[in-house]
Amino acid sequence: MRYLAMGLTVLLGVAAIVATTAIAQTRTGGTLVVATTNDTPDLDIQKYISSSQHNALLPLFNGLVEKDWTADEAFHPIVPGLATSWSVSKDGKTYTFKLRKGVEFHDGTPFNAEAAHFNFQRMTNKKHEYYDPQAGNTATGVLKGLKGSKVVDKYTFQLELSQPNAGLIEAMASLPNYYLHSPGAFKKYGKDGIGQHAVGTGPFKLVEWVRGQRTVMERNDKYWGKKPSVERMVYRPIIEPAARAAALRAGEVHIAWDLPVDQVESIKKDPRFNVYLRGIPATKVIECWQASGPFSDVRVRKAVNMAIDRKTLAEVILKGTAIPATQLYGIGSASYDKTLPIFEKFDPEGAKKLLAQTKYPDGFNFFIITSPENEPVAGALLAYEFVQANLRKIGVKMDIRVRDNAVFGETYMRAKADDECVTFDRGYDTDFILDMGYYGGQCAPNGLNNQCYKNAKVDALMEKAYTASSIEQWRDLHRQAQKLIIDDSGSFPLVHGLRPMGALVEVKNWLPAKAWLQFPGYARLDK
Amino acid sequence: MVAFLIRRILFLVPVLLGGSAIVFTLIQLAPGDPIDVLLGVYSSPESRQALREAYGLNDPPYVQYFRWLGHILQGDWGISIQQRVPVLTLVMEKFWITLLLTGAAGSFAIIVGVGAGIVSAVKHNTWIDRVILVVSVFALSMPSYWLGLLFIFVFSVQLGWLPTGGIRSFIEPKSTLDVIEHMIMPGIVAGLTPAAIIARVARAAMLEVMRLDFLTALRAKGLSEGAVILRHALRNAMPSIVNMTGLQIGYLILGGALFVEIIFSWPGLGLEIYKSVVGRDMPMMLGLVLFSTFVFVILNLLVDICYRIMNPRIQSE
């Protein structure tokens, strides 16, 4: 008994010393600590098209063209990156970039047209020594027709396309898988080693990456653009939203991304924190198979849309962390039109009457496959349970099937059963979502139109958009296509996410981007 | 003893083979594809097909399994599909981190579990015994996920005593006790369930021993109660306690601390198992299963050796 008591005393003693040490320590400035939602599996920025990977690596790299993620505007404008200007040939198949002079990668390798060519060869030329199938598939999967690249002179570089693509600059600016590695790093670390060494031209240099634990970056004092004010920035991946919020509340991190729905109000009320609800181009949507079955009838789709109470969903169920969906594009998207009304007026009685005119007067059953881990707009299951209750009132029974990311991906890409739907936070930092999800020529399983939505007028507008003379015209044609899809009840958009982000009040000069990508590197720390 | 050891080590081979074959089959039967996860839903069918080909995932399952097995026999554990890093490097990197957590949780479980079990047996049918029983039922029935969040709220957010998670701090200057500070809460939360199980086993084993006549004889000879309990009763109850402790620590390493690792952002094997399952990362999952089975069998072997040392009757059989 005496030994046991001694043992417990020692244990408690150690705990007390440790706790006292923790309390006695003082806070120092200069290092910005950010709680992110996930880590990157490796450091090769060209391989992925996922925001968690891109976010982790964004401070270290630059693209030829970029978006200004710090701009406080309706959407983030395209700005010059490593290219100072660009032009497109008359046939729309050649893009010429004038490159920035005097830029060096973090390892001292000079940036020039050869360096850009090396990177794009890695994505497009299967015979290239450093060709990577994953990087290649990612690059050409989004940019239809990307064929190759050419060095014109030391600071002039060309991209070649097999078909015109007016959205090329928009996509390259929004998706960091087109950002550039140092060719010197490839030669030093080899084809596989590049995934463990991030050597770019970005405003921060990599100091240390410990998988799943931390990414430590220090300011690049030779950076060609605006220099960060903090000396160091640390990304700390915390998967669980409640734990992320706790780390912010305990003052262990300066910024926490994606706060949980149920904690936003209490953190907002605490004077130690600032909470931002700026929006993300992500529209929570249910997408159902339309090639056959109940959803092939536009009246059924309209009735379902009319039965959903989007206002209550956004304001009560999701506690103001989202707004009712008005369209397919999300907040922060260049094509988002804030003048549009709520997607379909909430009218359960009207919905019942409309349904009575179809083959399903007494309703029908269907199911959704959902993977909440895939959806950054918080409160996914709360939202679907609410919609389930809404639809029950018009006799439509919706079954919710939660699956992991792998099952969701497999379901998304195949042809589906008549009563099968998937849920999605549709959108990205580029306006490509309509091409990806609503183009009739891309019907699943042979394309990205997972619900097999078909409208010849929409297809014609999108085809015209590919050969548009400017990005503005490209966007205008997409807006027209969106209008047709809305009139057609082409899917079931629920809410536009506002993406709650939190920061300690001592974090100044930072606003979250209205985007999936975030760059807090220009924040300042006031002690 | 040598023959016993050789027999047990040879026994490892079918266990490892069987374990890997079962896991391989289960992964094959499960829906979902690593390439879909890797490329995301915006990839084209041609892109996915090309990458599947490049990673050898189009081959028939038995070809994939035997190719993996052939490589394992040559010491090559393969490359993680998701992370493009050798599986063995990743597993070892994570193993030491999990071992830290398991060490903290195991120490807590042994000290508290055995201590509570002894006290409960000695104070049998008193209020102390009942309190310990109630607390152990509470510890057994509370999900570690919930307990973890509760601990974070109380000890980190409200009291500010301990860090919320991770393995080290970034805002505060580094201290030598930094890692220990980060280990305390996850260690206690992960150790609570094993502690409760060990406490119940220890209590039952002690009660059984304490009914035996030789303890009365020792007391009659004038030995102090402490010496009777700790030197004689506990020693006789130890085989059952060691057996259960070994199993519990094996369980912790095998992913029992999974939820604790997620809640406390502890970057160990549990978190890696979760990520590889979600990403359908076959080489990583097989590597993790092979490694965990190996560790579990070795732990059991150590427990059996301890058991034989502590219980001479088994040794003579």
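Lys and Arg are counted here as positive and Asp and Glu as negative, while His and the chain ends are left out; the model to which this count is applied is a predicted one.

**Figure 1. Charged side chains in chain B and chain A of the predicted model.** Chain B carries 22 positive and 19 negative side chains, and the centres of these two sets lie 11 Å apart. In chain A, where there are 65 positive and 57 negative charges, the mean positions of the two kinds are 2 Å apart.

**Figure 2. The fold of chain A, with its 16 helices and 21 strands.** The radius of gyration of chain A is 25 Å, close to the 24 Å given by the globule rule for 527 residues, so chain A is as compact as a globular protein of that length. Its C-alpha trace spans about 80 × 70 × 40 Å along the principal axes, and 63% of its 527 residues count as buried. Among the contacts of chain A with a separation of 6 or more, 70% come from residues 24 or more positions apart. The accessible surface of this chain comes to about 19300 Å², with 53% of that area belonging to carbon and sulfur atoms.

**Figure 3. The helices of chain B, which number 14 and are accompanied by zero strands.** The C-alpha trace of chain B spans about 85 × 55 × 35 Å along its principal axes, and buried residues make up 51% of the 317 residues in the chain. Of the contacts in chain B between residues at least 6 apart in sequence, 71% join residues at least 24 apart. Carbon and sulfur atoms hold 69% of the accessible surface of chain B, which comes to about 14500 Å².

**Figure 4. The largest nonpolar core, seen around A:Ile255.** This core has 51 residues, and those with the most contacts inside it include A:Leu32, A:Trp69, A:Leu248, A:Ile255 and A:Trp510. When neighbours within four places in sequence are left aside, the residues in contact with A:Ile255 include A:Leu32, A:Val33, A:Val34 and A:Ala35, together with A:Leu248, A:Val507, A:Trp510 and A:Pro520. Apart from this core lies another, of 44 residues, among them B:Ile152, B:Met183, B:Val189 and B:Ala190.

**Figure 5. The loop between strand S11 and helix H8 of chain A, with A:Asp258 and A:Asp262.** A:Asp258 has a phi near 50°, a positive value in a residue other than glycine, whereas most residues other than glycine have a negative phi. At 10% relative accessibility A:Asp258 counts as buried, because the cut-off for that class is under 20%. A:Asp262, by contrast, is exposed, with a relative accessible area of 59%. The C-alpha atoms of A:Asp262 and A:Lys319 are 7.6 Å apart in space, although the two residues are 57 apart in sequence.

**Figure 6. Backbone geometry at A:Pro445 and A:Ser489.** The peptide bond from A:Ala444 to A:Pro445 is cis, with omega near 10°, whereas most peptide bonds are trans. A:Pro445 is placed in the loop of chain A between helix H14 (433-438) and helix H15 (456-466). Further along the chain, A:Ser489 belongs to the loop between helix H16 (471-487) and strand S18 (492-497). Phi of A:Ser489 is near 50°, which is a positive value in a residue other than glycine, and this serine is buried, with a relative accessible area of 0%.

Key:
Residues numbered from 1 in each chain as written. Chains lettered and ligands numbered in written order. Heavy atoms only, no water. Helix = DSSP H or I, 4+ residues; strand = E, 2+ residues; numbered from the N terminus. Rg over C-alpha atoms; globule rule 2.2 N^0.38 Å. Buried < 20%, exposed > 50% of the residue type's maximum accessible area, 1.4 Å probe, protein only. Contact = heavy atoms within 4.5 Å. Areas by Shrake-Rupley, 256 points an atom, 1.4 Å probe, with all protein chains shown as cover. Charge placed at Lys NZ, Arg CZ, Asp CG, Glu CD. Core = buried A, V, L, I, M, F, W, Y, C linked by side-chain atoms within 4.5 Å.
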